[in-house]
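Ready for a few exercises with the viewer open? Take each task on your own, then walk through the worked solution.

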Amino acid sequence: MNEAVTETLSVVVEREIAYPPEKIWRALTQPHLIEEWLMKNDFAPVVGHRFDLRADWGSVSCEVLQVEPGKTLSYTWRAAGLDSIVTWTLTPSDTGTQLRMEQTGFRPDQQQAYHGAKAGWPRFLENLEQILARID
């Protein structure tokens, strides 16, 4: 196999959030909460579970890759030719949780998707923080 290795781009968004990892984990893994900050979905925190995220503009096909409750969640994110992986990492901190979202796998010819993700994820995380303020 001598395929050329293509450099891919990643989008990383990190936030310090003033809530414990367990509370953020619920918002990342409960379908009714995911719908409030991200998109409609049929998510389940089970490795191998296939689910779709649905919005007015279309849908994203996903499959759960890794589940470490309260710590790490990873799933594929496939839409419009983009084949990427989204990984959430929760690290307890003095003031709550350091939340890190990384989406990897943007090819150099996928600038529109890359810039869309760079603009979109910070907004999704703002929505997430608003949901966290409302739930117990």
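Which residues have the most contacts inside the largest nonpolar core, and how many residues does this core have? Keep in mind as you work that the model is predicted.

**Exercise 1: the core**

Task: Answer the question above, then find the element that gives the largest share of the core.

Solution:
- Step 1. The largest nonpolar core has 37 residues.
- Step 2. Those with the most contacts inside this core are Trp37, Tyr75, Trp77, Trp88 and Trp121.
- Step 3. Helix H3 contributes 7 residues, the largest share of this core.
- Step 4. Now pick Tyr75 and list its contacts, leaving out residues up to four places away in sequence: Leu38, Phe43, Phe51, Cys62, Glu63, Val64, Leu65, Ser84, Ile85, Val86 and Trp88.

**Exercise 2: enclosed space**

Task: Find how many cavities of 30 Å³ or more the whole structure has, and work out which residues line the largest cavity.

Solution:
- Step 1. A search of the whole structure gives 1 cavity of 30 Å³ or more.
- Step 2. The space in the largest cavity is about 40 Å³.
- Step 3. Its lining is made of Leu28, Ile34, Trp37, Leu38, Phe43, Phe51, Leu53, Tyr75 and Trp88.
- Step 4. Sorted by class, that lining has 9 nonpolar residues, with no polar and no charged ones.
- Step 5. Helix H2 (31–37) and strand E3 (50–55) each supply at least two of the lining residues.

**Exercise 3: the open pocket**

Task: Describe the largest pocket by its volume, its lining and the element that gives the most to that lining.

Solution:
- Step 1. The largest pocket holds about 420 Å³ of space.
- Step 2. It is lined by 17 residues, and the closest to its centre are Trp57, Trp77, Ala113, Gly116 and Ala117.
- Step 3. Strand E5 (72–79), strand E7 (96–106) and helix H3 (111–134) are the elements that give two or more residues to the lining.
- Step 4. H3 gives the most, with 8 residues.
- Step 5. By class, the pocket lining has 11 nonpolar, 5 polar and 1 charged residues.

**Exercise 4: a helix in its surroundings**

Task: Explain why helix H1 (residues 21–29) is described as largely enclosed by the rest of the structure.

Solution:
- Step 1. Apply the cut-off: buried means under 20% relative accessible area.
- Step 2. In H1, the buried residues are Pro21, Lys23, Ile24, Trp25, Ala27, Leu28 and Thr29.
- Step 3. Since 7 of the 9 residues of H1 are buried, the helix is largely enclosed by the rest of the structure.

**Exercise 5: the start of strand E7**

Task: Compare the burial of Gly96 and Thr97, then trace their contacts.

Solution:
- Step 1. Both belong to strand E7: Gly96 and Thr97.
- Step 2. Gly96 has 16% relative accessibility and so counts as buried; Thr97, at 0%, is buried too.
- Step 3. Beyond four places in sequence, Gly96 is in contact with Glu16, Ile17, Ala18, Tyr19, Pro21 and Thr91.
- Step 4. With that same exclusion, the contacts of Thr97 are Arg15, Glu16, Ile17, Tyr19, Pro20, Pro21, Ile24, Leu90, Thr91 and Pro92.
- Step 5. Check one distance: the C-alpha atoms of Gly96 and Pro21 are 7.3 Å from each other, although their positions lie 75 residues apart along the chain.

**Exercise 6: two residues to contrast**

Task: Decide whether Ser84 and Ala80 are buried or exposed, and note what else can be said of each.

Solution:
- Step 1. Ser84 lies in strand E6, and its relative accessibility of 1% makes it buried.
- Step 2. The side chain of Ser84 makes a polar contact with the side chain of Gln103, at 2.9 Å.
- Step 3. Ala80 sits in the loop between E5 and strand E6 (82–93).
- Step 4. With a relative accessible area of 87%, Ala80 is exposed.
- Step 5. The phi of Ala80 is near 50°, a positive value in a residue other than glycine. Most residues other than glycine have a negative phi.

Key. Residues numbered from 1 in each chain as written. Predicted model: local features only at pLDDT ≥ 70, side-chain atom pairs only at ≥ 80, totals over all residues. Heavy atoms only, no water. Buried < 20%, exposed > 50% of the residue type's maximum accessible area, 1.4 Å probe, protein only. Helix = DSSP H or I, 4+ residues; strand = E, 2+ residues; numbered from the N terminus. 1 Å grid on protein atoms, 1.4 Å probe; cavity = no way out; pocket = protein on both sides within 12 Å on 5 of 7 lines; lining within 4 Å. Points joined across faces, edges and corners; volume = space filled by probe spheres on them. Nonpolar A, V, L, I, M, F, W, Y, C, P; charged D, E, K, R; others polar. Core = buried A, V, L, I, M, F, W, Y, C linked by side-chain atoms within 4.5 Å. Contact = heavy atoms within 4.5 Å. Polar contact = N/O pair within 3.5 Å; in protein donor to acceptor, adjacent residues only side chain to side chain.
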